[in-house]
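Trainee: I am new to this structure and would like a close look at one part of it. Please take the aromatic residues, and then add whatever helps me place them among other local features.

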Amino acid sequence: MPVEFISAVHADAGASGPAASSRTGLDVRHLRKYARALDDGGFDHTLVAYHSASPDAFQIAQFVATHTERVRPILAHRPGVVFPTHAARALATLDRISDGRLTLHIISGGSDEEQRREGDYLNKAERYERSDEYIQILRKVWQAEGPVYHEGKYFRFEGYHSDVKPVNGLVPISVGGSSQDAYRVGGQQGDIFGLWGEPLKETAEQIAAVNAVADAAGRPHPRIWVSFRPIIAPTDELAWEKAHRTLGVLKDQARNTELLRQYRTTGRPANVGSQRLLDIADRGEVHDRCLWTAPAVATNAAGASTALVGSPETVAKALLDYVDIGCDLLSIRGYDPLNDAIDYARHILPLVRQELAHRAATSQAA
């Protein structure tokens, strides 16, 4: 499979930092501009994120699909919110609207508090079990030629049938996480597995863990999606100056947000992925070629928060290091979302693609 680039669309023009999860704004003109910038810039996918307070992700994904030509929405979705039969029909409809461009990203949920805002009181292990069952139901409905019956631990229904099917029979499904439960569900069920940006050694170990589960289940290895927040400038020196200015903004944003209040009362975040990022930060601020962990510390590792810092050439080489260990979906989104996406399209995507084309031509010539 070719190496592809992922961004993340934003529904308003606010900065992407600790305060982002609490924003509920929807600026339609900005969203349209953002989606078209990703489309024109050559991104292959864009994440449509999910939060209990944010604009509805299904509707944002449909908006993105209808205002772009090629970029593929990756719809983040929580299994505890919508019953799987309804979700199967809605997702197939959205896939039809997008002409087969949809990908589904399953979020089992790393925060009990956030899950309970929408009435989900299962513990984390149970949420992953439910995700496993949920994915199986989606595929069963999409592939069925007649009524579907199901009786499982979390869902039960009789005689369900959907007239609408995905364009290509199935919608690709992504699973993410850094816990053993995540590896199990991702290896057994995922077409794609998502990781946050850790050092190369730790990333390779996580890939091996997911692939081992897939091997035991007799499934193909999932494609690996790895996420970073690149900070670029014409030279490495200027990029590091920009990085420290960005860090100051993140710290200012964090002071009065829900994120920091949670940290004061609960200490470390509950999800394993965030804990891993903070542990890596404890071992050093810079890893490998240019992986910077300070933003993870400033945001209490709220989501994908590690940065790649340097000139476009340095960051492109760092991304290729991850390609070399098995990552073929590169998620790059910045702390100045729209402007960074435009810069990445101009300066990062071409360098990575040129080097990959050169490697392919050299390999064929040999």
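Mentor: What follows starts with the aromatic rings and then turns to two loop residues and a charged patch. The model is predicted, so every value here is computed from predicted coordinates.

A pair of aromatic rings is described by the distance of the centres and the angle of the planes. In this model the count of aromatic pairs comes to seven. One of them joins Phe 83 and Phe 157: the ring centres are 6.2 Å apart and the planes stand at 80°, so this pair is edge-to-face. The angle decides the class, because planes over 60 degrees apart count as edge-to-face.

Consider next where the two rings sit in the chain. Phe 83 belongs to the loop between β3 (72-77) and α3 (84-97), while Phe 157 belongs to strand β6 (residues 156-160), so the pair ties together parts that are 74 residues apart in sequence. The surroundings of each residue can be read from the accessible area. Phe 83 has a relative accessible area of 38% and is therefore partly exposed. Phe 157, at 10% relative accessibility, counts as buried, because the cut-off for buried is under 20%. The edge-to-face pair thus has a partly exposed member, Phe 83, and a buried member, Phe 157.

Both residues also belong to one aromatic cluster, which is formed by Phe 83, Tyr 134, Phe 155, Phe 157 and Tyr 160.

Now the backbone. Most residues other than glycine have a negative phi, and most peptide bonds are trans. Against that background, Asp 99 has a positive phi of about 60° although it is not a glycine. Asp 99 is placed in the loop between α3 and β4 (103-106); helix α3 also borders the loop that holds Phe 83. With 61% relative accessibility, Asp 99 counts as exposed.

Ala 301 is another non-glycine residue with a positive phi, here about 55°. Its loop runs between α11 (294-298) and β13 (307-310). At 0% relative accessibility, Ala 301 counts as buried. So of these two loop residues, Asp 99 is exposed and Ala 301 is buried.

Last comes the surface charge. Asp 236, Glu 237, Glu 241 and Glu 313 gather in a patch of negative charge on the surface. Helix α8 (residues 236-254) gives the most to this patch, with three residues. Glu 241 lies in helix α8, and its relative accessible area of 47% makes Glu 241 partly exposed. That value fits membership in the patch, because patches are made of residues with over 30% relative accessible area and no salt bridge.

Terms used:
Residues numbered from 1 in each chain as written. Predicted model: local features only at pLDDT ≥ 70, side-chain atom pairs only at ≥ 80, totals over all residues. Heavy atoms only, no water. Patch = residues over 30% accessible without salt bridge, like charges linked within 9 Å, V, L, I, M, F, W, Y side chains within 5 Å. Areas by Shrake-Rupley, 256 points an atom, 1.4 Å probe, with all protein chains shown as cover. Salt bridge = Lys/Arg side-chain N within 4 Å of Asp/Glu carboxyl O. Lys, Arg positive; Asp, Glu negative; His and termini not counted. Charge placed at Lys NZ, Arg CZ, Asp CG, Glu CD. Helix = DSSP H or I, 4+ residues; strand = E, 2+ residues; numbered from the N terminus. Buried < 20%, exposed > 50% of the residue type's maximum accessible area, 1.4 Å probe, protein only. Phe/Tyr/Trp six-rings, centres within 6.5 Å; stacked < 30°, edge-to-face > 60°.
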